[in-house]
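Subject: The structure to look through

Hi,

Here is the structure I promised to pass on to you. Please open it alongside this message, and then read on for what turned up.

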Amino acid sequence: MKKKLRSLERIIKFYLIENNLAKRKKFLTKMTPINEVKQLLELLYPIKCQKDLIRLGPESDGGYLVPDDLDGIEACFSPGVSSVSGFEKDCANRNIKVFLADASVDAPTETDDLFDFIPVFIGSTNSDNYSTLDKWVNYKMPVTSKELLLQMDIERSEYEVFHSLSEKTINRFRIMVIEFHDLDEIWNYPFFRIMSRVFKKILQTHYCVHIHPNNIANKSKLNGIETVQAMEFTFYRKDRVSNVQYQSSFPHKLDRNNAPKELAINLPISWYKN
């Protein structure tokens with residue numbers, strides 16, 4: 001009995017130490033070298049594109065900024081169905097077919113003749129309840145010359161989706177809007193390696209053209225670098241950009257708070273060229 005109590009005490013002590021370190025942004029794993037963090041953020045500096053940014057979706061959570069370059073896009077793929085579908089509805093209003101997927105809901109809250117919903121999660125494997133993005137896209141839009149749009153908010157599963165996603169499918173998306181989570185774990189080196197590989201994979205074919213912090217998320221600061229736990233990134237395929245110049249003014253005039261009643265969070269200066 002005493003051995004069991006001592007073992008339990010060690011577990012509790014370890015948990016308390018780990019929790020205390022996390023609150024102070026220290027980690028039991030190796031800490032990410034500051035130069036690697038800075039190098040990744042520089043790669044993600046948003047650039048100006050020749051097309052103005054427009055807003056699709058509501059004036060709050062669920063609305064996103066994208067380049068005004070939607071002509072010729074055949075379909076939008078939208079994994080993660082929330083209580084609002086304003087972004088998807090705006091796409092349908094532009095005669096863009098919308099494919100939605102989420103096993104946590106029975107159906108989208110809004111309906112449209114151009115909506116195509118399946119009750120599965122998008123992840124890194126294929127099973128009864130899961131599908132990879134590759135499989136879903138290639139089944140619904142098998143003609144690879146079709147231009148696509150991706151809008152994804154799947155609560156931390158975005159990393160596994162992109163680790164398993166083929167470069168061929170990534171390149172089919174002219175525009176990608178993705179909410180990335182756990183960005184405050186950037187100093188946790190094992191997680192940083194996963195995160196950075198995903199971003200670098202995307203940046204092989206796309207430029208980052210906009211970042212918007214989710215003002216519901218927490219923000220933190222370490223080594224002079226401020227980070228917001230969740231931020232919405234807009235990526236634009238490189239073949240659509242002829243002149244690369246950095247965007248140095250944030251927030252954009254069309255940015256809106258995800259939660260209107262909460263305090264606004266501006267994009268930290270470490271995340272853009274200034």
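Below is a short tour of what was found, grouped by topic.

Please keep in mind that this is a predicted model.

**Salt bridges**

The structure holds eleven salt bridges. A good one to begin with joins the side chains of aspartate 69 and arginine 174, with 3.3 Å from N to O. Aspartate 69 sits in the loop between strand S3 (64-67) and strand S4 (73-79), while arginine 174 belongs to strand S10 (residues 173-180), so this pair ties together parts that are 105 residues apart in sequence. Are these two partners buried or exposed? Aspartate 69 counts as buried, at 8% relative accessibility. Arginine 174 counts as buried as well, at 3%.

Both residues also belong to a wider arrangement: Asp69, Glu147, Arg174, Arg237, Asp239 and Arg240 are linked in a network of salt bridges.

Another salt bridge pairs lysine 146 with glutamate 74, where the closest N and O atoms are 3.9 Å apart. This pair links distant parts of the chain, 72 residues apart: lysine 146 is in the loop between helix H4 (133-140) and strand S9 (147-152), and glutamate 74 is in strand S4. Here the partners are partly exposed, lysine 146 at 29% relative accessibility and glutamate 74 at 36%.

One more to look at is the salt bridge between the side chains of lysine 89 and aspartate 112, at 3.2 Å from N to O. Lysine 89 lies in helix H3 (residues 86-93) and aspartate 112 in the loop between strand S5 (97-101) and strand S6 (115-118), so to find the pair you look at parts of the chain 23 residues apart. Lysine 89 is partly exposed, with 21% relative accessibility, and aspartate 112 is partly exposed too, with a relative accessible area of 22%.

**A positive patch**

Which residues form a positive patch on the surface? They are Lys30, Arg193, Arg197 and Lys200. Of these, lysine 200 can be found in helix H7 (residues 189-203), and at 45% relative accessibility it counts as partly exposed.

**Cysteines**

How many disulfides does a search of the whole structure find? The search finds zero. Take cysteine 76, which is in no disulfide: the nearest cysteine sulfur belongs to cysteine 91 and is 4.3 Å away. Because a disulfide needs the two sulfur atoms within 2.5 Å, a pair at that separation does not count. Cysteine 76 is buried, with a relative accessible area of 0%. Cysteine 208 is another buried cysteine, with a relative accessible area of 2%.

**Far apart in sequence, brought together in space**

Two pairs are worth finding on your screen. Threonine 234 and tyrosine 64 are 170 residues apart in sequence, yet their C-alpha atoms are 8.2 Å apart in space. Threonine 234 has its place in strand S14 (residues 231-237), and it counts as buried, at 2% relative accessibility.

The other pair is lysine 48 and valine 241: these residues are 193 apart along the chain, and 8.9 Å separates their C-alpha atoms. Lysine 48 belongs to strand S1 (residues 47-48) and is partly exposed, with a relative accessible area of 36%.

**Backbone details**

Most residues other than glycine have a negative phi, and most peptide bonds are trans. Against that background, a few places deserve a look.

Where is there a cis peptide bond? It joins phenylalanine 250 and proline 251, with omega about 0°. Proline 251 is located in the segment after strand S15 (245-246).

Arginine 156 has a positive phi, near 85°. This arginine is in the loop between S9 and helix H5 (158-164), and it is partly exposed, at 42% relative accessibility. Aspartate 182 also has a positive phi, in this case near 60°, and its place is the loop between S10 and H7.

If you have time for one stop, try the network that includes Asp69 and Arg174.

Happy browsing, and best wishes

Definitions and conventions:
Residues are numbered from 1 along each chain as its sequence is written. This is a predicted model: local features need pLDDT of at least 70, side-chain atom pairs count only at pLDDT 80 or more; totals for chains, interfaces and linings use all residues. Side-chain values use heavy atoms; hydrogens and water are left out. Patches are made of residues with over 30% relative accessible area and no salt bridge: like charges are joined within 9 Å, nonpolar side chains (Val, Leu, Ile, Met, Phe, Trp, Tyr) within 5 Å. Accessible areas come from the Shrake-Rupley method with a 1.4 Å probe; for residues, only the protein chains shown count as cover. A salt bridge is a side-chain nitrogen of Lys or Arg within 4 Å of a carboxyl oxygen of Asp or Glu. Lys and Arg count as positive and Asp and Glu as negative; His and the chain ends are not counted. The place of a charge is taken as NZ of Lys, CZ of Arg, CG of Asp or CD of Glu. Helices (H or I, at least four residues) and strands (E, at least two) are DSSP runs, numbered from the N terminus. Buried means under 20% relative accessible area, exposed over 50%, partly exposed in between (1.4 Å probe, protein chains only).
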